[in-house]
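Biologist: Please give me a close look at how the strands pair in this structure. After that, set the pairing against the annotated domain, the ligand and the chain as a whole.

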Amino acid sequence: MRDNQRVDTSRSWSLAGLAAGLAGLATSYAAANALHVKSSPLVAVADLVIRFTPGVIAEAAIQRLGRADKPLLVLGVIVVLALVFAWAGRLARRSWWAPTIVFGALAAAGAGAVAALRNQQLVDFVPVAVGLVTWLVCLSLVTDPLRTFAGHPEEVAPSGGHHRRTFLIRAGLVAGGAMAVGLLGRVVGRGRRQVEQTRQLLKLNGVTSPAVPDGARIGVKGVTPWQTHSDDFYLIHAGISVPAIEPHDWSLRIHGMVDRELVLTYEDLVSREFTEGWVTLACVSNEVGGELIGNAWWSGVRVADLLAEAGVRAGADAVKQTSHDGWTCGTPLEALTDDRNALLAVAMNGRPLPIDHGFPVRTVVPGLYGYVSATKWVVDLEVTRFDDFEAFWTEKGWSELGPIKLSSRIDVPSSGDDVPAGDVAVAGVAWAQHTGIRTVEVAVDGEAWQEAELAPTPGVDTWVQWVAHVDLEPGDHVLRVRATDRDGTVQTGVVAQPVPDGATGWHEIQISVSDE
Ligand SMILES: Nc1nc2c(c(=O)[nH]1)N[C@H]1C(S)=C(S)[C@@H](COP(=O)(O)O)O[C@H]1N2
Ligand SMILES: [Mo]
């Protein structure tokens with residue numbers, strides 16, 4: 001009788017671990033969907049498995065399984081996890097910390113997989129945290145009656161039954177709750193999935209595929225690609241959940257100090273003539289030498305033409321832009337109406353904008369930091385005066401105007417590299433959007449500036465790749481770069497932090513040069 005009870009109990013502890021484990025998967029999945037983040041932790045883990053599967057095996061699997069390979073892999077991961085969950089449940093019988101370590105380790109693996117995604121943001125880790133909390137809370141909830149029962153084996157007869165019943169009820173509730181939350185997750189995630197499908201199928205007439213202009217690549221290994229792949233493009237988003245907007249639900253209102261208010265549907269917008277161009281977007285938070293900058297081919301409708309149709313009234317000097325999720329920025333009217341092709345962009349790199357980059361429509365203004373110009377999911381343009389409003393970032397102390405500051409970066413060698421003595425190719429990028437770069441210079445150990453060779457660019461709105469050949473003796477060296485724009489302004493070496501209007505200073509790296 002006792003022994004039977006024992007076996008049964010061990011099964012109960014496994015069941016408790018399993019129920020808690022599945023509940024954690026369900027809540028993390030639902031959280032990922034509710035926040036519209038790109039990937040739930042579970043899928044991130046599956047992606048990581050694919051990444052580390054030897055090519056031949058992966059190919060064989062894909063061939064055999066066809067399009068079911070990914071769902072089957074996710075299922076496989078769930079099965080493996082189920083075994084670990086059951087094990088964690090049995091560990092809970094002896095201590096609270098052993099299963100905590102197991103669940104903690106699983107959460108760490110999930111967080112690691114999310115960290116391995118391209119361009120992840122802090123919000124992408126929220127589902128991992130939600131899952132971990134669910135695991136620990138549910139495990140304690142379900143094992144609590146088992147623990148009481150185990151603590152009083154002499155009470156097997158009457159109250160043992162009572163504890164068992166409590167256990168079964170709680171396990172059932174947790175398992176049922178997990179299923180309900182999982183289903184809910186599917187429902188709330190449907191929005192983004194459907195919009196993604198619409199986006200994939202969307203064909204935009206007049207959007208051309210980009211070809212990197214001749215010579216724009218300097219051709220030195222390790223330099224950032226001149227064209228930034230959309231998947232590699234930095235992401236900044238101040239909201240929690242990413243808006244998922246069907247094009248037919250989108251419209252743009254242009255109003256304020258105008259003669260005629262305009263309301264444009266997506267159809268209206270894409271039936272107009274597109275203007276296309278290479279523009280390097282940059283974030284004001286980019287540190288000297290930082291990576292919050294990218295260069296893409298944008299297609300869209302000129303904001304200047306739309307504002308002209310609306311008829312801007314005298315006295316206006318700004319446009320307050322608002323996104324679908326309520327983010328705002330103020331853009332100088334001048335930058336939207338002069339000859340610089342400020343765009344209401346519908347495509348990035350020849351494809352409809354990725355959801356995370358503002359689908360279906362965003363603004364792109366050459367020469368201005370994103371926080372004052374590049375509204376993703378833009379739905380409202382109000383012609384107004386800077387004196388009459390505050391925007392999302394200016395309320396937090398950032399500058400009202402945000403022209404991109406002249407800057408440059410060394411990509412190769414990397415800081416800390418060890419390179420052989422002699423001729424060393426130093427290369428990187430420099431930018432002064434809408435003014436253009438005239439020269440780039442490199443200095444070794446604070447000595448004379450040496451002019452670099454520049455690759456040609458199609459215009460003044462993109463970054464420029466450069467290379468300088470320097471002769472280095474063995475030892476430790478400091479390399480610095482500075483640029484001069486086409487107005488003759490030399491990049492300042494005075495160090496400024498990103499707040500309130502962008503970082504300045506020269507990018508420098510340390511390398512060791514060894515005798516070969
Ligand atoms: N709706 C919305 N648009 C936004 C932001 C935002 O938080 N919400 N961030 C801005 C900032 S600070 C930058 S630098 C750019 C970044 O655009 P990306 O994420 O496509 O690189 O978007 C801008 N547009
Ligand atoms: Mo930004």
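**Strand pairing and its setting**

Modeller: Strand β1 pairs with strand β10 (residues 378-384) in the parallel sense, over four bridges. Within this pairing, His-255 of β1 faces Glu-382 of β10. The model is a predicted one, and every value below is computed from it or taken from a record. β1, which covers residues 251-256, also pairs with β2, residues 262-265; here the two strands run antiparallel and four bridges join them. Leu-252 has Leu-264 of β2 opposite it. The connection from β1 to β2 is a hairpin of five residues. Thus β1 is parallel to β10 and antiparallel to β2. In general, the strands of a sheet pair through backbone hydrogen bonds, and the sense can be parallel or antiparallel.

The UniProt record, an unreviewed entry, places "domain: Oxidoreductase molybdopterin-binding" at residues 241-393. Across residues 241-393, strand accounts for 37% of the chain and helix for 12%. The C-alpha atoms at the two ends of this stretch are 18 Å apart.

Another part of the strand pairing is an open sheet of five strands, ordered β12-β19-β18-β14-β15, with mixed pairing. The edges are taken by β12 (418-420) and β15 (450-451); each has a single partner strand, so one side of each has no neighbour in the sheet. The partner of β15 is β14 (residues 437-444), joined to it by two bridges in the antiparallel sense. Val-442 has Gln-450 of β15 as its bridge partner.

Next, the ligand. Ligand 1 is surrounded by 19 residues, and the closest are Tyr-234, Ala-238, His-357, Arg-362 and Lys-376. Polar backbone atoms approach oxygen of the ligand at two of these: the distance is 2.6 Å for Tyr-234 and 2.7 Å for Ala-238. For Lys-376 a polar side-chain atom is involved, 2.6 Å from an oxygen atom of ligand 1. Of the 530 Å² of accessible area that ligand 1 has on its own, the protein covers 99%. By residue class, the shell around ligand 1 holds 11 nonpolar, five polar and three charged residues.

Last, the whole chain. The protein chain contains 19 strands and 10 helices. Its C-alpha trace spans about 90 × 70 × 50 Å along the principal axes. Of its 516 residues, 49% are buried.

How values were computed: Residues are numbered from 1 along each chain as its sequence is written. Chains are lettered from A and ligands numbered from 1 in the order in which they are written. This is a predicted model: local features need pLDDT of at least 70, side-chain atom pairs count only at pLDDT 80 or more; totals for chains, interfaces and linings use all residues. Side-chain values use heavy atoms; hydrogens and water are left out. A residue is near a molecule or strand if one of its heavy atoms lies within 4 Å of it. A polar contact is a pair of N or O atoms within 3.5 Å; within protein, one must be able to donate a hydrogen and the other to accept it, and residues adjacent in sequence count only if both atoms are side-chain atoms. Accessible areas come from the Shrake-Rupley method with a 1.4 Å probe; for residues, only the protein chains shown count as cover. Ala, Val, Leu, Ile, Met, Phe, Trp, Tyr, Cys and Pro count as nonpolar, Asp, Glu, Lys and Arg as charged, and the others, Gly among them, as polar. UniProt positions are given in the numbering used here, feature names are shortened, and annotations may be inferred rather than shown by experiment. Two strands pair if DSSP finds at least two bridges between them. Buried means under 20% relative accessible area, exposed over 50%, partly exposed in between (1.4 Å probe, protein chains only).
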